Amino acid sequence: MQSSLLKIRPSLALAALALVVALPASAQFQKPEDAVKYRQSAFTVMANHFGRIGAMANGRVPFDAAAAQANADIVVAMSKLPYTAFGEGTDKAGNTRALPVVWSKRADFDAGAKKMQDEVVKLQAAAKAGNRDQLKAAFGEAGKSCKACHDDYRKE
Ligand code: ASC
């Protein structure tokens, strides 16, 4: 179907491609609610896999180095996603719990995001090292970096 479109209407296909490629990062969501859903989804997946590491770190489930690594890889990947979705006009969209201070103190918010991203990279390194005590310590630090933003930038 794509190839037949290219054959019949190459100019249309190119125009559509140009439109997609030309969209700035802030406009990659059709509606503000879509941006809210996107960032919440990334946080949800991140929290799920972070929690699986926590269960191992805290001895609720047996330590499994390969699983810890796989989960940490997902946490690191997810940690990069939410922040392009905090664009202008997404402060009151959907069912967001983000507080206005996200936008009024954006540099601080971004610094908190960077801190969390750095901590989960350390968590990933600890998971690779395959040592539960190290994982537990890194999990604690990463958790603090999550909580810091929740305390200041999230409702409730
Ligand atoms: C989690 C999770 C968070 C953080 C935070 C740490 O497991 O879902 O949002 O840890 O609660 O305090």
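How are H3 and H4 oriented relative to each other, roughly parallel or roughly antiparallel? This tour of a predicted model addresses that question first and then turns to the ligand.

**The H3–H4 pair**

Select helix H3, residues 32-57, together with helix H4, residues 65-79. Their axes come within 9 Å and cross at roughly 150°. Angles over 145 degrees count as roughly antiparallel, and H3 and H4 are therefore roughly antiparallel to each other. The crossing of these two helices is left-handed.

Next, display the side chains at this contact. On H3, select Ala 42, Val 45, Met 46, His 49, Phe 50, Arg 52, Ile 53 and Met 56. On H4, the partners are Ala 67, Ala 68, Asn 71, Ala 72, Ile 74, Val 75, Met 78 and Ser 79. Coloured by class, the contact of H3 with H4 shows 12 nonpolar, 3 polar and 1 charged residues.

**The ligand and its shell**

Now centre the view on the ligand. The residues to select around the ligand are Ala 47, Phe 50, Gly 143, Cys 146, Lys 147 and His 150. Of the 310 Å² of accessible area that the ligand has on its own, the protein covers 60%.

Add helix H7, residues 132-153, to the selection: H3 and H7 each supply at least two residues of the shell. The largest share, 4 residues, comes from H7. By class, the shell around the ligand divides into 3 nonpolar, 2 polar and 1 charged residues.

**Where the two views meet**

Finish on Phe 50. This residue of H3 takes part in the contact with H4, and Phe 50 is also among the residues around the ligand.

Methods:
Residues are numbered from 1 along each chain as its sequence is written. This is a predicted model: local features need pLDDT of at least 70, side-chain atom pairs count only at pLDDT 80 or more; totals for chains, interfaces and linings use all residues. Side-chain values use heavy atoms; hydrogens and water are left out. A residue is near a molecule or strand if one of its heavy atoms lies within 4 Å of it. Accessible areas come from the Shrake-Rupley method with a 1.4 Å probe; for residues, only the protein chains shown count as cover. Ala, Val, Leu, Ile, Met, Phe, Trp, Tyr, Cys and Pro count as nonpolar, Asp, Glu, Lys and Arg as charged, and the others, Gly among them, as polar. Axes are lines fitted to C-alpha atoms, for helices over the stretch in contact, and angles run from 0 to 180 degrees between N-to-C directions. Angles under 35 degrees count as roughly parallel, over 145 as roughly antiparallel, 65 to 115 as roughly perpendicular and the rest as oblique. A crossing is left-handed if the near helix is turned anticlockwise from the far one by less than a right angle, and right-handed if clockwise. Contact means heavy atoms within 4.5 Å.
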